[in-house]
Amino acid sequence: MSLSSSPSSGTGSGANSGAGGPNGTPRTSRPGWEPRDPTLAPAGRVTAPAPRHRRRGPFRRFLRRLLGTLLLGTLLLAGAFAAGYLLVEIPPANATATAQSNVYLYRDGTPLARDGEVNRESVRLDRIPLTLQRAVLAAEERDFATSRAVDPKAMVRAAWHTVTGKGRQSGSTITQQYVKNYYLGQEQTLSRKAKEFFIAIRLGREKSKQDILQGYLNTSYFGRNAYGVQAAARAYYGKDVERLDTAEGAYLASLLKAPSAYDVTAHPRNRAKAVARWHYVLDGMVTEGWLSRADRAALRFPDPQTARAVSALAGQRGYVVQAVEEYLTSRGIVDEKTLAGGGFRITTTLEPAKQEALTEAVEDRVVSRLDPDRNPADRFVRVGAAAVDPANGRVLALYGGIDYTRQYVNNATRRDYQVGSTFKPFVLTAAVQNGARTQQGRPITPSTLYDGTNRRPVEGWNGGPYDPANEDDTSYGVIPVGTATDLSVNAVYAQMAVDVGPARVRRTAISLGLPGSTPDLTASPSIALGAATASVLDMATAYATLAAHGRLGAYTLVESVTRGGEQLALPALRPRQAVSREAADTTTLVLRGVVEAGTGTAAQTAGRPAAGKTGTAEDDKAAWFAGYTPELATVVALMGQDPETGHQEPLYGALGAERVAGGGAPAEIWGRFTREALAGTPPRAFDLRPMPGTEAGEPSSATPAPTPAPTSVLAPAPDGTEEYTTGEAGPEAAPAPPPAPDRGTGPDAPGRESGPRTAERGTPAHRPDGQ
């Protein structure tokens, strides 16, 4: 083969080296080059990179879905709103707008009271003073004239406050409240709120602001069974609405937030809150330019008149209705406005024979003896009483005052008078319950000896000097606890409270039945002297717990409630052992001595075994007797109150006596009522199981034979404790108390007992609170 054939062979190799030249001549590849990837662009040509497919992240997908959900939700809400607006019509007035009365029955089903038709009188807006209209707007919705019928922001804010525990807050406008009052009801349901929402929108489009305000003012509840401003004007100020001045109108406006609670006549303890609300309304009027600052400064709080009940609630009926209403509303069985709407059939626990017996006892021992024309002090006398069945806590009888139409405040349920020495048994109960010991380490029993010297400073208390005085500054020397209870010796019980621990005493009183919110129920030595202001019914509950060997500690005033044939659920009564039987029965044993030989001997007229305690409030402004038999616990209190000013007044000179005490008229009422209430039933003896070493067959406080008094009873030891220095073998061998004084006359006669009144004599260091 010749060399000329080599180009052809080169052609063969050129097929593997790439494209040919410009004329199609094959090119030989350069030595060492790799064959070109046919997928790449030709040499020298720049091409754009292929587009990348970006993946959508989770956030973008979530955002798209959220937007879609919001759009769909918006469309659904808009559709629901449109449907609701079209479907919900303005209904006729509801039953509450023309409410019927409530019926109250005795436990046996016989009629007790009927609270009458709802007190309402509609008036035109032009009869309502402009100042009153503006006061209502300042209290409820200041931008009413320009606001919409509903305020979604306010509704959301109110719901948020409720959910987050910041308290219940209304998010309703005046229009919504009017819809609820006139067209719907007070029930708290979603369906009712939805209807209220749409009806309010329709009403806002179809009625003027003036019409809505007029309807609201004529249907709102102001307390005292008064619906509308005209009825409220008559109920609180005894005048027609057009005659109300600015201050009076502002008070009625302030009632809308809490009608009964802000009634300063019915609830004097809430006066500060009511006055603060009144100031809030007036300040709002100034802020809105409806009242000048000068006129605002000249206004004074306008105290309302004492409520005048309708004749259907005269006598004791009104007090019973008031107590039952408070029982139902305070326990959440039914709210105040719904109850006021009427239609309820309420069976109480009261028994007609016992109710009549209690009323007659008060009439006989107090009312019939009052002569205010000759004796001005008789004008101040008020009586409250309550009887409770220890076996089940039922309230069997209630006395609230001379007549509900004349004295509106219920003396059986009010909590503004000191209970005095009727509190002392709770100290003894706490001592036994807690196994307390004296400062010297001796167990506290009915026989434990204490120094009853007048103004003896208490030992072991770090809260400041405290040396309470005994009644009439009497010193008793060293006496046992039982005798100190008979004679109600402050010095002994103040020291005993410290020995037990004031906090323990307080807890025991609450366990027995006193509310934890009782005013002045403070954990200090003065707690023993009865500075607390529990109600008569509270005290009857506590004493019933003692009578029941320490069980229960609660009361019930309502047997059943029905409306429209449907039964309302009542709180379940779960009996509990409030204190040990030993503690309760030991106290009962000692309290028998008070009736048999102490300050409560007038209670012996009951004619059966009884235990009890007398008590006197500071400055003799109240006198108490609290006692019980195995079948019945009853507490009676006389209270001094000026009928014009409402101020508490001493009872000096009332009923023709120099001083009124618990062993006087209160014990006499107790004795007569108990005798009549239990007539026909055989007397029962107390079945007592007191603490070991206590004789259950005889009163523990029987006065021992007198022995010569020592020249020195107690002396301080080097370590600050007390030691007996009389030469006896020990504290139990201390001298007996002086002979019991003649109980016919003098400061220690039946009815005279120590109380917080004398504890405040002297310097501020001697006040009952120990400050």
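# Close-up views of a predicted model

Of the protein's 771 residues, 51% count as buried. The model shown in every view is predicted.

**Figure 1. The whole chain contains 22 helices and 16 strands.** The accessible surface of the protein is about 35,700 Å², and carbon and sulfur atoms account for 52% of that area. Among contacts between residues at least 6 apart in sequence, 72% join residues at least 24 apart. The average pLDDT is 80, and 73% of the residues score at least 70. In residues 1-33 the pLDDT stays under 50, and the model has twelve contacts beyond four places in sequence for this segment. A further stretch with pLDDT below 50 covers residues 166-170, which have eleven contacts in the model beyond near neighbours in sequence.

**Figure 2. The largest nonpolar core has 98 residues.** The members that touch the most other members are Leu 328, Phe 423 and Phe 426. Nine residues of this core come from helix α19 (residues 536-547), which gives the most to it. Apart from this core lies another one of 50 residues, including Ile 128, Ala 226, Val 241 and Leu 299. In soluble globular proteins, nonpolar side chains tend to be buried together.

**Figure 3. Phe 423 and its contacts are shown in close-up.** Leaving aside neighbours within four places in sequence, Phe 423 is in contact with Val 505, Ala 509, Leu 514 and Leu 521, among others. Ile 527, Ala 528, Gly 530 and Met 539 are also among the contacts of Phe 423.

**Figure 4. Helix α17 (residues 490-500) is largely enclosed by the rest of the structure, because eleven of its eleven residues are buried.** The buried residues of α17 include nonpolar ones such as Ala 491, Val 492, Met 496 and Val 500. Asn 490, Gln 495 and Asp 499 are also among the buried residues of this helix. After α17 comes Gly 501, which has a positive phi, near 110 degrees.

**Figure 5. A nonpolar patch of about 610 Å² lies on the surface.** The patch is made by Phe 59, Phe 62, Leu 63, Leu 66, Leu 67 and Leu 70. Of these, Phe 62 is found in helix α2, which spans residues 58-87.

**Figure 6. A salt bridge joins Arg 107 to Glu 351.** The closest N and O atoms of this pair are 3.6 Å apart. The two residues are 244 residues apart and link distant parts of the chain. Arg 107 is in the loop between β1 (103-105) and β2 (111-114), while Glu 351 is in the loop between β5 (344-348) and α14 (352-365). Arg 107 is partly exposed, with a relative accessible area of 34%. Glu 351 also counts as partly exposed, at 22% relative accessibility. Both residues belong to a network of salt bridges that links Arg 107, Glu 351, Lys 354, Arg 394 and Glu 559.

**Figure 7. Thr 110 lies in the loop between β1 and β2.** Not counting residues up to four places away in sequence, Thr 110 touches Leu 105 and Pro 352. Thr 110 and Pro 352 are 242 residues apart along the chain, and their C-alpha atoms are separated by 8.3 Å. Thr 110 counts as partly exposed, at 32% relative accessibility.

**Figure 8. Arg 672 and Asp 364 meet in a salt bridge through their side chains.** The N to O distance is 2.9 Å. This pair links distant parts of the chain, with Arg 672 in helix α21 (residues 665-677) and Asp 364 in helix α14, 308 residues apart. Arg 672 counts as partly exposed at 22% relative accessibility, and Asp 364 counts as partly exposed at 29%.

**Figure 9. Within helix α20 (residues 581-597), Asp 585 and Arg 581 lie four residues apart, about one turn of the helix.** Their side chains meet in a salt bridge, at 2.9 Å from N to O. Asp 585 counts as buried, because its relative accessibility is 0% and buried means under 20%. Arg 581 counts as partly exposed, at 22% relative accessibility. In total, the structure holds 28 salt bridges. Side chains of opposite charge can pair when their charged atoms come close.

How values were computed:
Residues are numbered from 1 along each chain as its sequence is written. Side-chain values use heavy atoms; hydrogens and water are left out. A nonpolar core is a set of buried Ala, Val, Leu, Ile, Met, Phe, Trp, Tyr and Cys residues joined through side-chain atoms within 4.5 Å. Buried means under 20% relative accessible area, exposed over 50%, partly exposed in between (1.4 Å probe, protein chains only). Contact means heavy atoms within 4.5 Å. Patches are made of residues with over 30% relative accessible area and no salt bridge: like charges are joined within 9 Å, nonpolar side chains (Val, Leu, Ile, Met, Phe, Trp, Tyr) within 5 Å. Accessible areas come from the Shrake-Rupley method with a 1.4 Å probe; for residues, only the protein chains shown count as cover. A salt bridge is a side-chain nitrogen of Lys or Arg within 4 Å of a carboxyl oxygen of Asp or Glu. pLDDT is the predictor's confidence in each residue, from 0 to 100.
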